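Work through the following exercises with the sequence and the structure at hand. Each task is followed by its solution.

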Amino acid sequence: MNMRTLLLFDLDGTLVLGEGAGRRAIVRAFTHLYGTGDCWDGLDTAGRTDTAIFEDMLRRAGRDPQDAWGRELWDTYVHYLRDEVQKRPGRLAPGVLELLARCTPVHGLYAALGTGNLEPGARVKLGPHGINDPLPVGGFGSDTMDRAELVRIGFERAREYYGTDFERVVVIGDTPRDAACAQANGYACLLVATGPFDQDSLARCGADAVRQDLADTAGVLDTIAGLPRLG
């Protein structure tokens, strides 16, 4: 890589192809705490933060939306998430291990998270796949419900953790919201069609590059090397 490049990875649909563990855990938590999980039905959840989803569900349940930031809800959700992930952990998306293995200073690549998951929930989801260590810091839905702000937080934490300034920042995700949060910060964006959107849909949302997946590490690295640098 010809310049120091930070890769900010989304989680669900980008790193891990899950089997609905997060949804099931949220429904179980709301059923346990509020007597109903039906307030999930019909929600637009793709690319949104856990806290934004919690807030919408709390409104539907006639509860105080500020409880979206409550320790009781977070702890209950993560408790059920551990159980659901243990049962059905999902699988790594193609090429993830190979790309993360290239994220070293000698290659000019650095990895961090930029995910709407609560941080403890993200760690639970990544744990079975052995990729918590390559993603030591990031921005999370437990920091803010605003996706643009959380990727900026991820950038700042990565800069402090790695002790370097980055010349290029690339948000890697699978939804139009990932492209929007990258654009809001002046970061580049690479979208992959491993989530709910196909390549044609993703190509229309303003991403700098779209690929089917992260397989073909050499091709992915070539794509990243051609993306815009920081303003």
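**Exercise 1.** State the accessible surface of the protein chain and the share of it that belongs to carbon and sulfur atoms.

Solution. The model is a predicted one. The accessible surface of its protein chain is about 9800 Å². Carbon and sulfur atoms account for 45% of that area. As for burial, 53% of the 231 residues count as buried.

**Exercise 2.** Judge the overall dimensions of the protein chain against the globule rule.

Solution. Begin with the secondary structure: the chain holds nine helices and eight strands. Its radius of gyration is 17 Å, and the globule rule gives 17 Å for 231 residues, so the chain is as compact as a globular protein of that length. Next, take the principal axes, along which the C-alpha trace spans about 55 × 35 × 30 Å. Finally, look at contacts between residues at least 6 apart in sequence: 66% of them join residues at least 24 apart.

**Exercise 3.** Describe the largest nonpolar core and the surroundings of Leu 214.

Solution. This core has 31 residues. Leu 7, Phe 9, Leu 15, Leu 135, Leu 190 and Leu 214 have the most contacts inside it. Among the elements that give two or more residues to the core are strand E1 (5-9), strand E7 (188-192) and helix H9 (217-225). Leaving out residues up to four places away in sequence, Leu 214 touches partners including Phe 9, Leu 99, Ile 172, Leu 190 and Val 220. Another core, of 24 residues, lies apart from the largest one and includes Ala 29, Ile 53, Tyr 80 and Val 124.

**Exercise 4.** Count the charged side chains and compare the centres of the two sets.

Solution. There are 25 positive and 33 negative side chains. The centres of these sets lie 1 Å apart.

Technical notes: Residues are numbered from 1 along each chain as its sequence is written. This is a predicted model: local features need pLDDT of at least 70, side-chain atom pairs count only at pLDDT 80 or more; totals for chains, interfaces and linings use all residues. Side-chain values use heavy atoms; hydrogens and water are left out. A nonpolar core is a set of buried Ala, Val, Leu, Ile, Met, Phe, Trp, Tyr and Cys residues joined through side-chain atoms within 4.5 Å. Buried means under 20% relative accessible area, exposed over 50%, partly exposed in between (1.4 Å probe, protein chains only). Helices (H or I, at least four residues) and strands (E, at least two) are DSSP runs, numbered from the N terminus. Contact means heavy atoms within 4.5 Å. The radius of gyration is taken over C-alpha atoms; the globule rule is 2.2 Å times the number of residues to the power 0.38. Accessible areas come from the Shrake-Rupley method with a 1.4 Å probe; for residues, only the protein chains shown count as cover. Lys and Arg count as positive and Asp and Glu as negative; His and the chain ends are not counted. The place of a charge is taken as NZ of Lys, CZ of Arg, CG of Asp or CD of Glu.
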